[in-house]
Amino acid sequence: MLNRLIYALIVFAMLLSIPNLSLNFFEKKMNLITAAEIHETEKENNLHDIKIVETPEREEPNLIKVFNNKTNEVMVIDFEEYIKGVVASEMPGEFNIEALKAQSVTARTYLLYRMKKYAHGHPEHSDAPICTGIHCQVWSSKDEIIKSKGEEWYEAYWGKIEEAVNSTRGQILTYEGKIIEPLYHSTSGGRTENSEDVFSVAVPYLRSVESPYEEEAPKLYDSVKVSVGQFIEKIKSQYGHVDLTENNLDEKIQLGEVSEGGKIKTVIIDGKEVSGREIRSLFNLNSTNFSFIQTGNEIEILTTGYGHGVGMSQWGAEGMANKGYNYEEILKHYYTDVEIVSMK
Ligand SMILES: [Zn+2]
């Protein structure tokens, strides 16, 4: 397994060097990022005061307040039951049990992080520290899950999700004794991102690491096609006058900066520096790892990976689990220098 990992690393290092060779940028790969925000790490976040009972508004130690975006109400629900509803919503039940356990620990840690940081409510949902939408982490009730995934899915996979959550009960991730903010995403495209390359804040446990086993990820490679006219129009509508024509795109659109994770930080369009994130948003791309291919009157924008690329790659976790790594190894791989500890 070690040999395979080393081999994968070498291959990946070779792949990484490609963007810097600067073929024609307009025909080559670039990367981009999503919309999650990184919050400053908390100074007072000591493991020893991670007790859930310290969080205000808790009527019982095992109950938490969650703002339900679907009903616009604050729910008071069981802590570990909440984790099950997150794992079932954020990761396919078909995944390897070790990947599901890793997701259970990240879901629990994320909840705790938010409870500490937003003990008096989040600005966007002032009566609860966390919500059920993608703004925080997605949660669905058991009934909603059965409704959306079906009885058969429920029979086949709910028990496995319960097992993943129950077998890691109370386990969370810390860095130097503090609860971490365990960001995660679908598919890194081969290497995760340094937090500062995506969200501007350098977080010591959110470092760029290789993610070599994502072959099964459905959105590892994808593309968006637009006509040259639409392409130019979109860019002009966003950035004002730029001298772009059907015939000069490969000269006017150049690769700027590439992150350590291999994603596009900046693109130079007719001399103007534009962030990869903006291009991702403008063309609704899966990631900031993108490149352009112009064929006649059409431009295909190729993307690698899905999501912001910071922290754990869920498809990478699945790939590692299928290679025989356990959830602790997966978590310690994607979150640099963290510990897995039990909540008090
Ligand atoms: Zn929220």
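Tyr221 stands opposite Thr304 in β11, a pairing that belongs to the antiparallel ladder of seven bridges between strand β6 (residues 221–227) and strand β11 (residues 298–304). The model is a predicted one, in which local features need pLDDT of at least 70 and side-chain atom pairs count only at pLDDT 80 or more, while totals for chains, interfaces and linings use all residues. Residues are numbered from 1 along each chain as its sequence is written. Helices (H or I, at least four residues) and strands (E, at least two) are DSSP runs numbered from the N terminus, and two strands pair if DSSP finds at least two bridges between them.

On the other side of the ladder description comes strand β10 (residues 290–295), which pairs with β11 in the antiparallel sense over six bridges; there, Gln294 has Ile299 of β11 as its bridge partner. β10 and β11 form a hairpin with two residues between them, and Gly296 in the turn has a positive phi of about 60°. Taken together, the strands make an open sheet of three, in the order β6-β11-β10, with antiparallel pairing. β6 and β10 stand at the edges, each with a single partner strand, so one side of each is left without a neighbour in the sheet. The twist averages 20° from one strand to the next. Helix α7 (residues 228–239) lies across β6, β10 and β11 and runs at about 90° to β6, where axes are lines fitted to C-alpha atoms, for helices over the stretch in contact, and angles run from 0 to 180 degrees between N-to-C directions.

A further element to examine is helix α10 (residues 314–322), of whose nine residues eight are buried, so that the helix is largely enclosed by the rest of the structure. A residue is buried if 20 or more other C-beta atoms lie within 10 Å of its own, exposed if 12 or fewer, and partly exposed in between, with C-beta atoms placed from the backbone. Among the buried residues of α10 are Trp315, Glu318 and Met320, and the buried residues pack against α3 (97–117), β5 (184–185), β12 (312–313) and α11 (327–334). Just after α10, Gly324 takes a positive phi of about 105°.

The helix α3 also packs with helix α2 (residues 79–90), at an angle of about 125° and with the axes 9 Å apart. α2 and α3 are therefore oblique to each other, given that angles under 35 degrees count as roughly parallel, over 145 as roughly antiparallel, 65 to 115 as roughly perpendicular and the rest as oblique. Residues making the contact include Tyr82, Ile83 and Val86 of α2 and Leu100, Gln103 and Arg108 of α3, contact meaning that the C-beta atoms of two residues, placed from the backbone, lie within 7 Å.

Leu100 leads on to Lys160 in helix α5 (residues 151–167), since the C-alpha atoms of Lys160 and Leu100, 60 residues apart along the chain, are separated by 8.4 Å. Leaving aside neighbours within four places in sequence, Lys160 is in contact with Gly93, Ile97 and Leu100. With 17 C-beta neighbours inside 10 Å, Lys160 counts as partly exposed.
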